[in-house]
Amino acid sequence: MRSFATAFATERGLADAVDAELDGTVTTLASMAHTPALDTGDLRAFHTIAHEQAQAQPDWLGVILADGAGRMLFRTTAPFDAPPQPVADAESLRQALALRRPVIGRIAQGKGGRPAVPVRYPVNDVAGRPYVLTAIVQPDRIMRVIARQQVPPGSRIAVLDGAGAIVARSNGLARHVGAAPSPTLVR
């Protein structure tokens, strides 16, 4: 019974720590969303702000702004006027638009081939135009949360996305990111 209680405490601590990390990302996006540049629809100026914020976050690959139809308006990994790219994990973008609340997407590989999790934050400008601001977060951020946990020797823990794919785990991260967990891990 002691080992079950220990496992449950570790699981609860990990869930709380991951939630806190994701809440911090949502808070940063919310702060960015309330800048005068986005409020007034000055997307070129907002691109500069979003680029600076993305550079200040070591675990973010970039920031994406999409319109109310789900079309990418810009990404901070490219110049403002760069052609839009298809959005990775379009389903979480649709959810953010439909629900009008933050949504954590599924682990996906973007055009650059690096795995990441989209953290989406819907916002409207002063004219009422809907947007979704997205931070593209590397799994390394969640990996550091796992590393801070007191994992018993010989144990393995993992963080899965909403579709059940591995975002981070206590060993063998790189080759398992985005994969389904093993039956042993599921048990």
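## Strands β5 and β6

Let's start in the middle of the sheet: Pro122 has Val132 as its bridge partner in β6. This is a predicted model, where local features need pLDDT of at least 70, side-chain atom pairs count only at pLDDT 80 or more, and totals for chains, interfaces and linings use all residues. Residues are numbered from 1 along each chain as its sequence is written, and side-chain values use heavy atoms, with hydrogens and water left out.

β5 (115–124) and β6 (130–137) run antiparallel and are joined by eight bridges. Strands here are DSSP runs of E with at least two residues, helices are runs of H or I with at least four, and both are numbered from the N terminus; two strands pair if DSSP finds at least two bridges between them. Another bridge puts Val123 opposite Tyr131 of β6. The two strands make a hairpin with five residues between them, and in that turn Gly128 has a positive phi of about 90°.

## Other strand partners

On β6 there is also β1 (60–67), which pairs with β6 in the antiparallel sense over seven bridges. One of the contacts in that ladder is Val63, whose bridge partner in β6 is Ala135.

β5 has further partners. β3 pairs with β5 in the antiparallel sense over two bridges, with Val103 matched to Arg120 of β5. Strand β4 (residues 108–109) also pairs with β5 antiparallel, over two bridges, and there Gln109 has Pro115 as its bridge partner. β4 and β5 form a hairpin too, with five residues between the strands, and Gly113 takes a positive phi near 85°.

How many residues of β6 are buried? Seven of the eight are, so β6 is largely enclosed by the rest of the structure. Buried means under 20% relative accessible area, exposed means over 50%, and partly exposed is in between (1.4 Å probe, protein chains only). For β5, eight of the 10 residues are buried, so β5 is also largely enclosed by the rest of the structure.

## The nonpolar cores

The largest nonpolar core has 38 residues, and those with the most contacts inside it are Leu29, Met32, Leu38, Phe46, Trp60, Leu65 and Leu133. A core of this kind is a set of buried Ala, Val, Leu, Ile, Met, Phe, Trp, Tyr and Cys residues joined through side-chain atoms within 4.5 Å. Elements that each supply at least two residues include α1 (2–33), α3, β1, β5 and β6. The largest share, nine residues, comes from α1. A second, separate core of 12 residues includes Val87, Ala96, Leu97 and Ala116.

Leu65 gives a feel for the bigger core's surroundings. Leaving aside neighbours within four places in sequence, Leu65 is in contact (heavy atoms within 4.5 Å) with residues including Leu38, Phe46, Phe74, Tyr131 and Leu133.

## A trio of Phe rings

Rings of Phe, Tyr and Trp (its six-membered ring) pair if their centres lie within 6.5 Å; planes under 30 degrees apart count as stacked, over 60 as edge-to-face and the rest as tilted. That rule gives two aromatic pairs. Phe46 and Phe74 form a tilted pair, 6.1 Å centre to centre with 55° between the planes. The pair links distant parts of the chain, with Phe46 in helix α3 (residues 43–56) and Phe74 in strand β2, 28 residues apart. Phe74 and Phe80 form the other tilted pair, at 6.1 Å centre to centre and 50° between the planes. Together the ring pairs link Phe46, Phe74 and Phe80 into a cluster. Phe74 is buried, with a relative accessible area of 2%.

## Helix α4 and the loop before it

In α4, Ser92, Leu93, Ala96 and Leu97 are buried. They cover an arc of only 140° around the axis, which puts them on the same side of α4; the arc is that of the directions from the helix axis to the C-beta atoms. These buried residues pack against β1, β3 (103–104), β5 and β6. The face turned away from them carries the exposed residues Arg94 and Ala98. Right after α4 comes Arg100, whose phi is positive, near 55°.

Asp89 lies in the loop between β2 (72–75) and α4 (90–99). Is Asp89 buried or exposed? Asp89 is buried, with a relative accessible area of 9%. The Asp89 side chain reaches the backbone nitrogen of Arg106 at 2.7 Å. A polar contact like this is a pair of N or O atoms within 3.5 Å; within protein, one must be able to donate a hydrogen and the other to accept it, and residues adjacent in sequence count only if both atoms are side-chain atoms. Beyond four places in sequence, Asp89 is in contact with Gly105, Arg106, Pro118 and Arg120.
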